[in-house]
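Let's take a walk through this structure, starting with its charged contacts and working outwards from there. Have the viewer open and follow along.

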Amino acid sequence: MSVRGMTGLEEQGTEDHVPALSGRLSRLLSSSGVDSRSLPWDRFSAWLHCLCVVGFDLELGQTVEVLYPKHAKLTDKEKSNICYLSFPDSNSGCLGDTQFCFRFRQSSGRKVSLHCLLDQFQKDSPLYLKKDSACYYGYVYFRQVRDKTLKRGYFQKSLVMISKLPYVTFFHTVLKQIAPEYFEKNEPCLEAACCDIDRWPAPSPGKTLNLPIMGVVMKVRIPTCYDKPGTSQLLEATEQTDALISITLPTVHEVDLFSCISPLKYCCDFRPYFTIHDTEFKEYTTRTQAPPSIILGVTNPFFAKTLQHWPHIIRIGDVKIAGEVPKQVKVRKLKSLKTLDSKPGVYSSYKPFLTRDEDIIKQLQKGVQQKRPSEAQNAILRRYFLELTQSFIIPLERYVASLMPLQKTISPWKSPPQLRPFSQDEFIKTLEKTGPQLTSRIKADWIGLYRHFLKSLNFDGWFRTRRKEMTQKLEALHLEALCDEDLLVWIQKHTEVEAVDLVLKLKNKLFQANRENLPVKPSTLEKLQMHIDTIIVALPEDLHGILLTTGPV
């Protein structure tokens, strides 16, 4: 995505804007839930790991010139990846301002902050928007302009935001506010921007957030896992605060791109931008083993030859003139791919399980001819894939729900019952009466597709999540069953040792419910705590101090 003509922002300094906002802005921030008790940089860390500047040195090559906050840590391996991924390939010829993103592995052995504010809000996030535990995202604003005063003849520099959050649209928008001023006024702008971000409320799903940055206020809403799929929750407008809002984002993550499998999460590795200098280059390009489960975005022609043995390749050509419609839309066989001189298109060694849907193709082509806005085109395609994915996933959801034990089998005095194991053959048998052919108009080899899907990492990731949710539901039901018992009557029929053991088990249950955010009502947890306190009071006095101070085992 290219960004040009950023006139106006360059002439404005942050000092011209902040005084005008100070009074009402503080009230705006307090209404968004900023916790004044947070330590310095806690709120910054909920959004970003760091912000860095990558420049080009004739002797050293690309280097990290500036890192904010000053205490932020990056390993040498992480710095190397950031340096190489923050500049477009030399053959791309990007002049002016360019924005893109990349993703790279977090170095092993790095300590993770367990008290980060971000961790508190993960349970309500959709799967595809949860923070990435193993990787960082890099959001880049790259500027390359001719400069005769420099030996290289060009000014080349990137401002990069490093984050665990996949909020592509959001961070690109933030960079548009920061980068142009930074390139004009240098480091003081970065310090001001970081201080602004450290005033933000945490990225709490479902809340409308007002975020000040470089003299403007952005209004955003983080989606929740409870939002209806395929809908965009409208931001509520309020007369008192919206006079201060400069930018309202309808989405924090969606990009101008035809592609999605929501509500499924893509569970394999992916790199939006990848270069030959990446530390995983040898791992991913070796021919001694099968191609890895990964999506790579590359611009270097070198990869056209190196990776031509991969089972799926999408070649993207030059941007077409507005209104021009491709003559053919089809999947080509991989053996017809001729490295550098191949035409743009999809090349695959697989036989498709689904037939081509001519209706959606015609609808999109008509939109191109009529110059329909890209937002509308995206909405059409996202809705199409959402409905297709739902048709595919509903039979799986229905079958997995049947693995849940009946509630009547849950006893407060026994461990929670286990889920029945997933049987592929048993599931396939259910498709005749409940398969996607009942809700989708597309002709397909659905059984073949399911068998292939059940072997994939995407199914494994989806099923692990569903199994965890259902196991937590069983734990919650078991907790409720315990709370409904008259435990005072129970301890009268059992020994003192057994009563002490019960207290310790109940304490563990309470700790587990809070730690794992089990789906139980606050009143249930309060009732459980009352049970614990009541049992302790009923025991001999010499045990009170020990049991009250003993934590979970």
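A salt bridge here is a side-chain nitrogen of Lys or Arg within 4 Å of a carboxyl oxygen of Asp or Glu. With that in hand, look at R515 and E516: their closest N and O atoms are 3.1 Å apart, and the two form a salt bridge. E516 is partly exposed, at 30% relative accessible area. Keep in mind throughout that what you are looking at is a predicted model.

By this rule the count reaches 23 salt bridges. One of them joins E280 to R105, at 3.7 Å from N to O. E280 sits in the loop between strand 10 (269-271) and helix 7 (281-285), while R105 belongs to strand 4 (residues 96-105), so the pair ties together parts that are 175 residues apart in sequence. The two ends have their own surroundings: E280 counts as buried, at 3% relative accessibility, whereas R105 is partly exposed, with a relative accessible area of 31%.

Now try E358 and R356, whose side chains meet at 2.9 Å, N to O, in another salt bridge. E358 is partly exposed at 37% relative accessible area, and R356 is partly exposed too, at 48%. Which residues do salt bridges with shared partners join into one network? They are R103, R105, D132, D269, R271, D278, E280 and E283, so if you select these, you will find the E280 and R105 pair from above among them.

Time to zoom out. The protein has 553 residues, and buried ones make up 44% of them. Its secondary structure comes to 17 helices and 14 strands. Take the contacts between residues at least 6 apart in sequence: 71% of these join residues at least 24 apart. As for the outside, the accessible surface comes to about 31100 Å², and 55% of that belongs to carbon and sulfur atoms.

For a look at the inside, go to helix 3 (residues 76-85). Its buried residues are E78, N81, I82, C83 and L85. An α-helix has 3.6 residues a turn, so residues three or four places apart point the same way. What covers the buried residues of helix 3? The cover includes strand 2 (50-57), strand 3 (61-68), strand 4, strand 5 (135-146) and strand 6 (154-163).

On the way into helix 3 there is a backbone detail to check. The peptide bond from Y68 to P69 is cis, with omega near -10°, and P69 lies in the loop between strand 3 and helix 3.

Two other backbone spots deserve a click. M214 has phi near 55°, a positive value in a residue other than glycine. M214 is found in the loop between strand 7 (208-213) and strand 8 (216-221), and is buried at 4% relative accessible area. K371 also has phi near 55°, again positive in a residue other than glycine. K371 is in the loop between helix 9 (358-369) and helix 10 (374-401). Is K371 buried or exposed? K371 is exposed, with a relative accessible area of 63%.

Back on the surface, I314, I316 and V346 form a nonpolar patch with about 340 Å² of accessible area together. V346 is part of strand 14 (residues 345-348), and at 35% relative accessible area V346 is partly exposed. In the loop between strand 13 (331-333) and strand 14 you will find P344, partly exposed at 47%. The C-alpha atoms of P344 and I314 are separated by 7.3 Å, although the two residues are 30 apart along the chain.

Then the cysteines. The structure holds zero disulfides. C101 counts as buried, at 16% relative accessibility, while C225 is partly exposed at 38%.

Finally, how far can you lean on the coordinates? The mean pLDDT of the protein is 82, and 80% of its residues reach 70 or more. Among the elements, helix 12 (residues 446-453) has the highest mean pLDDT, 96, and strand 1 (residues 2-3) the lowest, 36. Over residues 113-117 the pLDDT stays under 50, and the model gives them 10 contacts beyond four places in sequence. Residues 236-241 are also below 50, and this stretch has five contacts in the model beyond near neighbours in sequence. Where pLDDT is low, the predicted coordinates should not be read in detail.

Terms used
Residues are numbered from 1 along each chain as its sequence is written. Side-chain values use heavy atoms; hydrogens and water are left out. Patches are made of residues with over 30% relative accessible area and no salt bridge: like charges are joined within 9 Å, nonpolar side chains (Val, Leu, Ile, Met, Phe, Trp, Tyr) within 5 Å. Accessible areas come from the Shrake-Rupley method with a 1.4 Å probe; for residues, only the protein chains shown count as cover. Helices (H or I, at least four residues) and strands (E, at least two) are DSSP runs, numbered from the N terminus. Buried means under 20% relative accessible area, exposed over 50%, partly exposed in between (1.4 Å probe, protein chains only). pLDDT is the predictor's confidence in each residue, from 0 to 100. Contact means heavy atoms within 4.5 Å. A disulfide is a pair of cysteine sulfur atoms within 2.5 Å.
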